[in-house]
Amino acid sequence: AREWLRRCLEADIPVKIICGTRTFEEQDALYEQGRTKPGPIVTKARGGFSFHNFGIAWDFAVFDKKGVPQWESPLVNKAGEIAESLGLEWGGRWQFVDKGHIQLKTGLTLAEMRERFARGEEVV
């Protein structure tokens, strides 16, 4: 994440990481938003079903000079391309597009990560 951020900033992309690791409980609370709690739906993943839950994913936003997120800026795509150049997975290429999401490629499924996590093993 640090290397990606450094490269984005060097490319004059005003980006910030806005979310990293989440507990299962935090993920469940996000999942409830727009379903059983007020607000828009922001995730399709319950606790244990997000790469954020295992410390290998982060969300980002590009900001203008006033500090306002620019969700549709072409710089979002450039930041995603920088992630891919580092061998990271960018949510902008997914069928369910999530342009503000980046994660490590581990070769493990979420089920395998949950199993390792339950055993107290590292997931990467």
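Is Arg7 buried, partly exposed or exposed, and what is its relative accessible area? In this predicted model, Arg7 has a relative accessible area of 34% and is therefore partly exposed.

**View 1. Glu3 and Arg7 are joined by a salt bridge within helix 1.** The side chains of these two residues meet with an N to O distance of 2.7 Å. Both belong to helix 1, which covers residues 2-10, and they stand 4 residues apart, about one turn of the helix. Glu3 counts as partly exposed because its relative accessibility is 32%, and its partner Arg7 is likewise partly exposed, at 34%.

**View 2. Arg6 and Glu10 form another salt bridge of helix 1.** Here the closest N and O atoms of the two side chains lie 2.4 Å apart, and the residues, both in helix 1, are separated by 4 positions, about one turn of the helix. Glu10 has a relative accessibility of 54%, so Glu10 counts as exposed, whereas Arg6, at 37%, counts as partly exposed.

**View 3. Arg119 and Glu121 meet in a salt bridge.** The N to O distance between their side chains is 2.9 Å. Arg119 is exposed, with a relative accessible area of 52%, a value that passes the limit of over 50%, while Glu121, with 39%, is partly exposed. Turning back to helix 1, salt bridges that share partners join Glu3, Arg6, Arg7 and Glu10 into one network. The structure as a whole holds 7 salt bridges, among them the pairs Glu3 with Arg7, Glu10 with Arg6 and Arg119 with Glu121.

**View 4. The largest nonpolar core of the model consists of 14 residues.** Within this core, the residues with the most contacts are Trp4, Cys8, Ile13, Val15, Phe60 and Ile102. At least two residues of the core are supplied by each of helix 1, strand 2 (57-62) and helix 3 (74-85), and the largest share, 4 residues, comes from helix 3. Helix 1 thus appears in two of the settings shown here, since it contains the salt-bridged pair Glu3 and Arg7 and also supplies at least two residues of this core. In soluble globular proteins, nonpolar side chains tend to be buried together.

**View 5. Another nonpolar core, of 7 residues, lies apart from the largest one.** Its members include Phe51, Ala57, Leu108 and Val123, and each of these residues is buried, because a nonpolar core is by definition a set of buried residues.

Note on methods:
Residues are numbered from 1 along each chain as its sequence is written. This is a predicted model: local features need pLDDT of at least 70, side-chain atom pairs count only at pLDDT 80 or more; totals for chains, interfaces and linings use all residues. Side-chain values use heavy atoms; hydrogens and water are left out. A salt bridge is a side-chain nitrogen of Lys or Arg within 4 Å of a carboxyl oxygen of Asp or Glu. Buried means under 20% relative accessible area, exposed over 50%, partly exposed in between (1.4 Å probe, protein chains only). A nonpolar core is a set of buried Ala, Val, Leu, Ile, Met, Phe, Trp, Tyr and Cys residues joined through side-chain atoms within 4.5 Å.
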